[in-house]
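Trainee: Please take one strand of this protein and go through its surroundings closely. I would like a connected account, not a list.

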Amino acid sequence: MSAILDLNGAWEMVFDTNNQGLEQRWYANPPEETQDVKVPHTWEDEFGKYPGSIAFYYKKFFVPENVNPKRTLIRFQRSFFYTQIWVNSKLVGENYGGHQSFLFNISKAVKPGEVNEICLRVASEAAGRINGTPILDLPVSLPFLQKPFGGLWGDVEFINGGKGSILNLNSANC
């Protein structure tokens, strides 16, 4: 049987207006000027405008000692648009998109019986590009150009799976 821990609510966030966070390793050493935000959210809802193109998010959470070490996952319902995820300063995955959920196995990065830290880098539009790729070359182009947005705008969950779990099932009508 799987156990799910809701990671919504209070997070810390900082905009990376000069795109220096990766070089300065903000995923391992968060800058001091973070601000409190409530996840899920979009930058527009939180700040009343579209203020930037890159933000780092931080969340600390306790992982019980009795977790199944081979089935420890983190699931994001929606994050727009290019998202990189670190757990305890270890890169565990990246995702392009903003309208479908995605998950990563974090078993090798999580520390059972301790407080763990998640860091996300969410890159949205800047100067007609998302993470260096021209918007018109991405499948999101036209709707995004009409109303740009960014943020961690879906639920976030820590999942500890049992011996066997169906974690994600998508179907489409043909």
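Mentor: What follows is a close look at strand 5 and the parts that meet it. The model is predicted, and the account applies to that model. Strand 5 covers residues 72–76, and Thr-72 lies in it. Thr-72 counts as buried because its relative accessibility is 0%, under the 20% cut-off. The side chain of Thr-72 reaches the backbone oxygen of Asn-68 at 3.0 Å. Beyond its neighbours within four places in sequence, Thr-72 is in contact with Val-67, with a run of residues including Phe-104, Asn-105 and Ile-106, and with Phe-158, Ile-159 and Asn-160.

Strand 5 also holds Arg-75, which pairs with Glu-157 in strand 13, 82 residues away along the chain. Their side chains form a salt bridge, with an N to O distance of 2.8 Å. Both Glu-157 and Arg-75 are buried. A search of the whole structure finds one salt bridge.

The nonpolar side of the picture is the largest core, which has 28 residues. Within this core, Trp-11, Tyr-57 and Leu-120 have the most contacts. Strand 5 and strand 13 are among the elements that give two or more residues to it, as are strand 8 (102–105) and strand 9 (114–123). The largest share, four residues, comes from strand 4. Another core, of ten residues, lies apart from it and includes Val-14, Tyr-27, Tyr-82 and Cys-119. In soluble globular proteins, nonpolar side chains tend to be buried together.

Conventions
Residues are numbered from 1 along each chain as its sequence is written. This is a predicted model: local features need pLDDT of at least 70, side-chain atom pairs count only at pLDDT 80 or more; totals for chains, interfaces and linings use all residues. Side-chain values use heavy atoms; hydrogens and water are left out. A nonpolar core is a set of buried Ala, Val, Leu, Ile, Met, Phe, Trp, Tyr and Cys residues joined through side-chain atoms within 4.5 Å. Buried means under 20% relative accessible area, exposed over 50%, partly exposed in between (1.4 Å probe, protein chains only). A salt bridge is a side-chain nitrogen of Lys or Arg within 4 Å of a carboxyl oxygen of Asp or Glu. A polar contact is a pair of N or O atoms within 3.5 Å; within protein, one must be able to donate a hydrogen and the other to accept it, and residues adjacent in sequence count only if both atoms are side-chain atoms. Contact means heavy atoms within 4.5 Å.
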